[in-house]
Structure formats: C-alpha cells, structure tokens
Amino acid sequence: MSASFSRSFTIEGRDFLNAGRASTQIKTILKELSVDPAIIRRVAIASYEAEMNVVMYATRAKLKFTMSASAINLEIDDEGPGIPDITLAMQEGYSTATSQMRELGFGAGMGLPNMKKNSDEFVIESAVSKGTRLTMTIYIN
Amino acid sequence: MLREIREILSADMCTGEEHLDMRIQFGSASDLMSDVLAFSRSGALLLTGLMNVQTIQTAFIADISAVVFVRGKRPTDEICALAKEKRIPLLSTPYSMYEACGRLYSKGLLSTMKPVCEGTVQEEE
C-alpha cells in the first residue's frame, strides 16, 4: 500500500437526513481495502459517533480520514458551542441532548466514552463558543 | 438462521430475502442507537421499535446482520431502499419487543452481553 490515503468530508450541523454519510463512506472504503473487519467496525463506530455529535450540536465540521500502513486517523474539527467541562462530558450517561435527538435514538450520553473505547489514541480539545476538535487513532496491526 | 428467526417471530420480510440462509447466533434489542453502537456485537440481530433512517445507518456501522421491527411496524420505502443498498435484511414482527425477545431467547438465540455487575459491562466470550 502507498504511504497514506486521505479523504476529507464536510458535515453540516442539524442535517439529520444526511447524518452518517461520511462514516458509511469511510466504512465502504475500508471494506474495499480489505482491512480487518474488527478494525473497520471500531473506526466506523468512532467516526459515526463523532459525526452524530456534529449533526446534533455543531454548526459544521471537517472530518479528515487518513490511513497509513500502521494506523487509521480521524480528525473532526467543528465550529460549534464547544464543551465547557470535558471531564463531565466524558462520563457515561451525561448528556445535553434535546428530545428531538433522543427521538432519533441518540443522546444517551454514550458518544464520547464510546469513541474513546474504540480508539487506541483519543484526544479532545474544546473552546467554548468556538468549537471542538477530536483526534482519534486506531492501529492497524 | 434468519429463516428460523422469521418463522419464530411470524415475521414478514420487508427486504433481503436473499439473506435467509444467513447464520445468526446473537441477538440484541434496543430503541437507543447509542446503546447499539456501544454494546452490540458484530453479526448480531437487532430488534427495535425505532423506525428511521438512523436505525439502518447505525445497523450498517455496527455490523448488525439483520433488523427486526416490532409491534408490526412497517419500514417506509426510503428505509427499505437504504437497507437494500447496505445489504441488511429487514423484518417486521407482529409481536411486542418483550414477546419477540422471549421467543428468540427461549429458542436459543444468545444475548450479546453478560449481566452487568457493579457498572461494568462485559461481552460474551
């Protein structure tokens, strides 16, 4: 395989109709590249949870997917309200979701902890009123 | 096999008849897609009452093998088309979530999770 493969996606906030498109495309790409299905599942779940968070809370975001011989990297950089207390947001069950989000089956307060669980490296940085940046790495070998 | 699951649940097949010979060992039931993403396992059956496009997107992302809608809910054409594209069979059972789960469990379809003790969740070995 070449040194690295990269794709960028734009995710629009509140666009519930297209929510999940970027992550399903990433999953399809990884399947075509015959990556280990267990790795694909972790990448897809981490990416989809992040994508749903952007759709639910942010204005828009860039999602950058990079794959090298040893790892898959997901960077999600959003313009949005930011997270005032990251420690609290990382707790399972803590959520600020609205009833509309819950009707779609989301907003149970599992997103961020689940992204961390599925990543080998997980970095979250946030600035209130500006946005949140997530960097997740999943090793291939 | 999915064929047996269809019989046990007296279910109608909305899409994916070509997958009736698919082997399924584990089942999960939830209306919360957050829980499906956090606690399901690859190849499991999903029983749900949640009827929207996100149900199919979540099933695809989490490697759910087939989706059963409970209480006779019928997926819309849009939902069926997406499921067909993602190669996920959709079934509709007249039973409630409780009864559908009971029928499958009593016939040997295993859970995706062990009981939760002191806040820890473990996957079945």
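**Two chains, one predicted model**

Arg41(B) sits in the loop of chain B that runs between helix 2 and strand 3, the strand being residues 45-48. Although it is in a loop, Arg41(B) counts as buried, at 19% relative accessibility. Its C-alpha is 21 Å from that of Leu9(B), and 32 residues separate the two in sequence. Please keep Leu9(B) in mind, as it comes up again with Pro94(B).

Before going on, a word on what we are looking at. This is a predicted model. Its scores are ipTM 0.91 and pTM 0.91. For chain B the mean pLDDT is 92, with 94% of its residues at 70 or more.

Now to Pro94(B). This residue is in the loop between strand 5 (90-92) and helix 5 (97-106) of chain B. With a relative accessible area of 55%, Pro94(B) is exposed. Along the chain, Pro94(B) and Leu9(B) are 85 residues apart, yet their C-alpha atoms are separated by 7.7 Å. Leaving out residues up to four places away in sequence, Pro94(B) touches Leu9(B), Ser10(B), Arg71(B) and Gly72(B).

Next, the meeting of the two chains. How many residues does each chain bring to the contact? Chain B gives 22 residues and chain A gives 26. Between them the chains bury about 1,900 Å², and 54% of that is on carbon and sulfur atoms. Of the area that chain B buries against chain A, 35% comes from Leu37(B), Gln54(B) and Ile61(B), more than from any other three residues.

There is one salt bridge between chain B and chain A. The side chains of Lys27(A) and Asp63(B) form a salt bridge, with 2.4 Å from N to O.

Ser34(B) shows one piece of the contact from the side of chain B. The residue belongs to helix 2 of chain B, residues 33-39. Is Ser34(B) buried or exposed? It is buried, with a relative accessible area of 3%. Setting aside neighbours within four places in sequence, Ser34(B) is in contact with Glu49(A), Gly105(A), Phe106(A), Gly107(A), Ala108(A) and Met110(A).

Over to chain A, and to strand 5, residues 131-139. That strand is mostly covered, with seven of its nine residues buried. Strand 3 of chain A, residues 71-79, runs antiparallel to strand 5 and is joined to it by seven bridges. In strand 5, the residue opposite Ile76(A) is Leu134(A). Strand 4 of chain A, residues 121-127, also runs antiparallel to strand 5, and seven bridges join the two. There, Glu125(A) has Arg133(A) as its bridge partner in strand 5. Strands 4 and 5 of chain A form a hairpin with three residues between the strands, and in this hairpin Ser129(A) takes a positive phi near 70°.

Last, the cysteines. A disulfide is a covalent bond between the sulfur atoms of two cysteines. How many disulfides are there over all chains? A search of the whole structure finds zero. Cys80(B) is in no disulfide, and the nearest cysteine sulfur, that of Cys14(B), is 5.3 Å away. The cut-off for a disulfide is 2.5 Å between the sulfur atoms, so that pair does not count. Cys80(B) is buried, at 15% relative accessibility. Cys101(B) is in no disulfide either; for this residue the nearest cysteine sulfur is again that of Cys14(B), at 17 Å. Cys101(B) is partly exposed, with a relative accessible area of 27%.

Notes
Residues are numbered from 1 along each chain as its sequence is written. Chains are lettered from A and ligands numbered from 1 in the order in which they are written. This is a predicted model: local features need pLDDT of at least 70, side-chain atom pairs count only at pLDDT 80 or more; totals for chains, interfaces and linings use all residues. Side-chain values use heavy atoms; hydrogens and water are left out. Buried means under 20% relative accessible area, exposed over 50%, partly exposed in between (1.4 Å probe, protein chains only). Helices (H or I, at least four residues) and strands (E, at least two) are DSSP runs, numbered from the N terminus. Contact means heavy atoms within 4.5 Å. pLDDT is the predictor's confidence in each residue, from 0 to 100. Two strands pair if DSSP finds at least two bridges between them. Buried area is the accessible area (1.4 Å probe) that two parts lose on being put together, summed over both. A salt bridge is a side-chain nitrogen of Lys or Arg within 4 Å of a carboxyl oxygen of Asp or Glu.
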